[in-house]
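Thanks for coming, everyone. I'll put the structure on the screen and then walk you through a few parts of it.

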Amino acid sequence: MKSLEVKIAYLNDDYKIVERNKEFYSYFEGVGFLYENIEDFVMPSQRQEFLDFVKSSPGKDVFRAYSLKKNNEEFKDNIVSMGEEVLNGKSYHALRIIDISNAFEFFNEANLFEKKVNFSLGITNEYLFSYQKSTNVFKMHNFLQNRRVVICEQDIDSWKEQMISEGQVEESDIEIFRQSIDDLKKCNETFMTCISSSLRSAHSVYEKLSFKAVRMEEHGEVFMVGQVIPEVLLEQLEKSSEILQELKIDALTGAYNKKAIMNFAEKRFVPGTKENAMLAIVDLDHFKPVNDAYGHLAGDKVLSEAGKILKNIVGEGGVVGRYGGDEFLLILEDMDDENNFRALFRTINNDIRAAFENMFSDIKVTASIGAAMYSKDGDSFDELFKKADFCLYRAKDKGRDRYVFFRTDLHGELYKQATAAKTEGIKYDVREVLELKSMADFLLNLGSAPKSAIQTVLEHMLKTYNLSAIHIYYGPEAARMFSIGDTTETLARAEYINSPVFKSALDGKAFIRVDFITEMSENAKEFGKILEQRGVKSSIQCILGTIEKPLGLVTFDRLKEAAMWAEYEVNCCVMFGAALNLLPESRLRSMFV
């Protein structure tokens, strides 16, 4: 069961912090070490009221709610109480702090505790028992039609003697029963015994009962919690477990479990099997913050819903398995058309994003996908998994909420470097550093040799960003003055830069980013039609001059296929346009007119 984390700040008579417990440090993150004045943790509008409460020292049974600062940006609602506490032989004012969301979750779980134990132990209408070591109290109850019926609640030694004196233990098993009670009181990790008893019948009809229990700890208390199962049902329960194992289903998501999906993949991806199958890894973005902020119940809900979405999308076209945590493996059949798997991955991205869009106000749960094709990219599960995992990290690096499938022309060299260095899952922020360095070199050379600097950096961007063409348009007619890559005639001019359609699409910014024309916002859809007519699939376009008085335009275009832009790609393209705008207008004209 979830623990109720209590953060404690020990205050001296001047109400300055002299000590903090470890929960305080971990909860308040970056600011937990910084402040000496307790009021510095409180939202400014609440500080005076908070100080009045602290100084009144009303006692630990009086609670108030205040918003406390977890870091420099975030405040969280907390319950606080004051009390006196001895630390290292000295008495201090102890401010006790409990996160409200943590408290709600704790009390909710506490109310459901026995039912959860009942569920986790696989009990259906059977007897449940617990033993608390510190009190020596033994409790037993069962659930009938969702109603909890208390069988007993008393000192365990007293219960033992009562069971014997009332003849509820068969005489031949009395010594076994006595020894079993002594063993239960030791509170080892597990406990099991079997005796003939009339416990369930309350008559002299004896049946073999199996007592099973596990050790649990909560707030320093030690418990043994277990179940009583008739021996005639034990075989049925064990058989049910075997059936569940045979089904190999992950109970939370409904997908295949890790062992099952890996066994299937290892058999599916071997030389000689049917080609045009794809291995994809789907990882939920920002899943850990959900668990941290909202608890595992919320996390389980996300995983369960994600499993349903993936199974529904894949359908009969493949299989879905939960690889672990928030990662799923997909094995997709008949992926012989690139448009088909692009559509499938885009549907996954869209449906995952939509499913959780309104679930958390401060966390955006999306999906990143990496994929590799059998047998083009590899003829074994191990090789395909490594390449799909490589692409997954590329998707994460590009900003998440997107898919990347392995392409030898685009990823081959970098994958070889990663494999050679044995750094699968390489941190691709190295790529961002390299791109920023290339922009830094461009800026350094722009003043002294502008044409050479522009040529060099644009050739680099064309190749590295997998672009079809980069164009610089200039002058009253926005004619193309400089090009690298495809010089299609339909791209010879950009006369639209003065049109209301283009200005509407810019939405007040000096650049526009287009990933997929079909997904453009309402105010940009008319401009999307212009791009379609020009044969442009994805584009970043940066104004030279100002929105009100454009002098020209720089476009970074993909003509063959649409793809999402990595954040560093967007930043570098915008940086290039901004650098040109730093040059005097006369210098620009002399270069491009």
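**A walk through the fold**

Okay, so the headline number: the protein chain has 593 residues, and 47% of them count as buried. Keep in mind that what you're looking at is a predicted model. In terms of secondary structure, the chain has 19 helices and 21 strands. And if you take the contacts with a separation of 6 or more, 56% of them are between residues 24 or more positions apart.

Let's begin towards the N terminus. There's an open sheet here with 5 strands, paired antiparallel, and the order across it is β2-β1-β5-β4-β3. The edge positions go to β2, residues 17–20, and β3, residues 64–69; each has a single partner strand, so one side of each has no neighbour in the sheet. On average, neighbouring strands in this sheet are turned by 40 degrees against each other, ignoring direction.

Now zoom in on that β2 edge. Its partner β1, residues 7–11, runs antiparallel to β2, and 3 bridges join the two. If you want one pair to click on, L11 stands opposite I17 in β2.

While we're on β2, have a look at E19, which lies in this strand. Is E19 buried or exposed? Neither, really: E19 is partly exposed, with a relative accessible area of 33%; the cut-off for buried is under 20%, and for exposed over 50%. What does E19 touch, beyond its neighbours within four places in sequence? Its contacts there are I8, A9, Y10, Y25 and L87. E36 is 17 residues away from E19 in sequence, and their C-alpha atoms are 9.5 Å apart.

One more thing on this sheet: helix α2, residues 47–56. Helix α2 lies across β1, β3, β4 and β5, and runs at about 20 degrees to β4.

Right, next stop: the inside. How many cavities of 30 Å³ or more turn up in a search of the whole structure? The search finds 1. The largest cavity holds about 80 Å³ of space. Its lining includes several aromatic names you can pick out on screen, among them F129, F138, W159 and F177. Which element gives the largest share of that lining? That would be α6, with 4 residues. Both α6 (174–185) and β9 (190–197) supply at least two lining residues each. By class, the lining has 9 nonpolar residues, 2 polar ones and no charged ones. The polar pair is easy to find, by the way: look for S180 and T193 in the lining.

Last stop is strand β14, residues 327–332. How many of its 6 residues are buried? The count is 6 of 6. As a reminder, side chains in a regular strand alternate between the two faces of the sheet. In β14 both faces are covered: E327, L329 and I331 are buried on one side, and F328, L330 and L332 on the other. Note that the buried set includes a glutamate, E327.

β14 also has strands to pair with. β12, residues 277–285, runs antiparallel to β14 with 6 bridges between them, and there L279 has I331 as its bridge partner. β13, residues 318–324, is antiparallel to β14 too, again with 6 bridges. Here G324 stands opposite E327. β13 and β14 make a hairpin with 2 residues in between, and G325 in that turn has a positive phi of about 55 degrees.

That's my tour, so over to you for questions.

Definitions and conventions
Residues numbered from 1 in each chain as written. Predicted model: local features only at pLDDT ≥ 70, side-chain atom pairs only at ≥ 80, totals over all residues. Heavy atoms only, no water. Buried < 20%, exposed > 50% of the residue type's maximum accessible area, 1.4 Å probe, protein only. Pairing = 2+ DSSP bridges. 1 Å grid on protein atoms, 1.4 Å probe; cavity = no way out; pocket = protein on both sides within 12 Å on 5 of 7 lines; lining within 4 Å. Points joined across faces, edges and corners; volume = space filled by probe spheres on them. Nonpolar A, V, L, I, M, F, W, Y, C, P; charged D, E, K, R; others polar. Axes fitted to C-alpha atoms, helices over the stretch in contact; angles between N-to-C directions. Contact = heavy atoms within 4.5 Å.
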